[in-house]
Amino acid sequence: IDKYDVNITYLNSREENRGYQYFNIGMEVSNPKISKKILDEVTEIYMTNVVSYNGNYKELDYTVAYIRLANIIQKLFSLEDKKVMEFVSECRDASSLLISRGQDPTLVFDKIQELADFIAYHRDLNFVPRMITHQITEETTLTVIEPPCGSNTYVLRNNDDLLFVDSGMGIFSDEMITELREMFPAFFSMGKTMLVTHADSDHAGLLSVIENADICVNKRTADGLMNMSRPFKDEDAYDYCYARLSRIITDYRAPDADRIRIIGGTDPVEHDDFLLLDKIMFGDMELELYEGPGVHSKGETVILCRGPKILFTGDLYSNSNDVTPERKEFNEIAPFLSKDSEEDLTRLTNARSKLGEIMDSIGRDGMIVCGGHGNIKRL
């Protein structure tokens, strides 16, 4: 305040025996650019909210909007101050990027608030996933857990061993653990292996929560799990910013690196196909792990069992025709802020065609396709 020679109109504080005090500060600033500088600098150091604001400078309007949004989100999820300040920092970067491109940051902030409201409503007793268990072999069952939002969680069980494919959002970890304990009474003592189709925050939420599980992923996915910031592509600024903010909203936390087993080697080769990385046995099933061409995400993995015929595709395929009512509602507020480019759509079509060749090699008839979202599909 002194640095920018700002006039203080009022100042008061209260102590609540918490080791810090709340300060209310009123300022009159003739230059809105100075107001923005003050807020940018203060929010890097302190938890801040804007109680009242009278201005008409767009860039300052955006700053006020995301500071207020951060405070709403903290109340919704009881986030630690550190997380909220991280959210504000991400909002600041997103705002700067979009403004520089002549785009409107409030489109992202509004979508993030919709996401936060939806998630907050579906927590605790309102967390009602669709769960269906299928007998796959004499020894092995497959349970499909489809939450209100986030990826499906697939759980294969063979005697006292569990194998997970993807695991939804971290924000629902308490609810998911409750469901898993009811489903598998000896859950905590059972052997566990976790596979991930790709490093998106809505597919990897339980990796840091289920501590006694082995995590098997390829090198690119492992790197993505440690650093969830996706690369920026010129045509998807809205989606890029949405993804960075939603990572915090969904409470993604990276797993301990020493729990990760890298499959396919630590020096991955460049390719544009589905490359077989490894085969792992789970009970009476042999699973083949393929790294895809990276259309949806670098290191994207599909998992194939030839007998019985099961395919886990991640987000290369989702069954949008058979979703729960909650998921259908979520899809209407999901991050469809930009359209895929023709190049992306062409790459996706080519990837699905190549995946189809693998499916044809063992015959599609009777195959169970487990997509990233929605119910399974029997061919």
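**View 1. Helix 6 lies across strand 8 and strand 9.** In this predicted model, helix 6 takes in residues 219–226 and runs at about 115° to strand 8, which covers 213–218. Look along the helix for Lys 219 and Asp 223, which form a salt bridge with their closest N and O atoms 3.0 Å apart. The two sit four residues apart in helix 6, so about one helical turn separates them. Lys 219 counts as partly exposed because its relative accessibility is 22%, and Asp 223 is partly exposed too, with a relative accessible area of 41%.

**View 2. Arg 220 of helix 6 reaches Glu 291 of strand 11.** Here the side chains meet in a salt bridge, at 2.5 Å from N to O. Strand 11 is the stretch 285–291, so this pair ties together parts that are 71 residues apart in sequence. Are the two partners buried or exposed? Arg 220 has 16% relative accessibility and so counts as buried. Glu 291 is buried as well, with a relative accessible area of 4%. Elsewhere, salt bridges that share partners join Lys 83, Glu 86, Glu 90, Arg 244 and Arg 247 into one network. A search of the whole structure turns up 18 salt bridges.

**View 3. Seven strands make an open sheet.** The strand order is 3-4-5-6-7-8-9, and the pairing is mixed. At the edges are strand 3 (130–135) and strand 9 (260–263), each pairing on one side only. From one strand to the next, the twist averages 20°. Helix 5, residues 173–183, packs on this sheet and touches strand 3, strand 4, strand 5 and strand 6 (161–165). The direction of helix 5 makes about 150° with that of strand 4.

**View 4. Strand 4 pairs with strand 5 in the antiparallel sense.** Zooming in on this part of the sheet, strand 4 covers residues 140–146 and strand 5 covers residues 153–158, with six bridges between them. Which residue of strand 5 is the bridge partner of Ile 145? That would be Thr 153. As a general reminder, strands of a sheet pair through backbone hydrogen bonds, either parallel or antiparallel.

**View 5. Helix 3 packs against helix 4.** Helix 3 (residues 81–100) and helix 4 (residues 105–121) meet at an angle of about 145°, and their axes are 9 Å apart. Helix 3 brings Phe 87, Cys 91, Ser 95, Leu 98 and Ile 99 to the contact, while helix 4 supplies Pro 105, Val 108, Phe 109 and Ile 112. How do the contact residues divide by type? Eight are nonpolar, one is polar and none is charged.

**View 6. Helix 1 carries a buried salt bridge between Lys 36 and Asp 40.** The side chains of Lys 36 and Asp 40 come together at 3.3 Å, N to O. Both belong to helix 1 (residues 32–43) and are four residues apart, about one turn of the helix. Both are also buried, and they have company: Ile 34, Ser 35, Ile 38, Leu 39 and Thr 43 are among the other buried residues of this helix. What covers the buried residues? The cover includes strand 2 (21–28), helix 2 (58–77) and helix 3. As for the length of helix 1, twelve residues at 1.5 Å a residue should span 16 Å, which agrees with end C-alpha atoms 16 Å apart.

**View 7. Six strands form another open sheet, with helix 9 lying across four of its strands.** The order here is 10-11-12-13-14-15, with mixed pairing. Strand 10 (275–282) and strand 15 (377–378) are the edge strands, each pairing on one side only. Strand 13 (residues 309–314) and strand 14 (residues 368–371) pair in the parallel sense over four bridges, and Phe 312 stands opposite Cys 370 of strand 14. Helix 9 (residues 342–362) lies across strand 11, strand 12 (301–306), strand 13 and strand 14. Helix 9 runs at about 10° to strand 12.

**View 8. Asn 375 sits in the loop between strand 14 and strand 15.** Asn 375 is buried, with a relative accessible area of 14%. Which residues is Asn 375 in contact with, leaving aside neighbours within four places in sequence? They are Arg 130, Ile 132, Glu 146, Asn 319 and Asp 322.

Note on methods:
Residues numbered from 1 in each chain as written. Predicted model: local features only at pLDDT ≥ 70, side-chain atom pairs only at ≥ 80, totals over all residues. Heavy atoms only, no water. Pairing = 2+ DSSP bridges. Axes fitted to C-alpha atoms, helices over the stretch in contact; angles between N-to-C directions. Contact = heavy atoms within 4.5 Å. Nonpolar A, V, L, I, M, F, W, Y, C, P; charged D, E, K, R; others polar. Salt bridge = Lys/Arg side-chain N within 4 Å of Asp/Glu carboxyl O. Buried < 20%, exposed > 50% of the residue type's maximum accessible area, 1.4 Å probe, protein only. Expected span 1.5 Å × (residues − 1).
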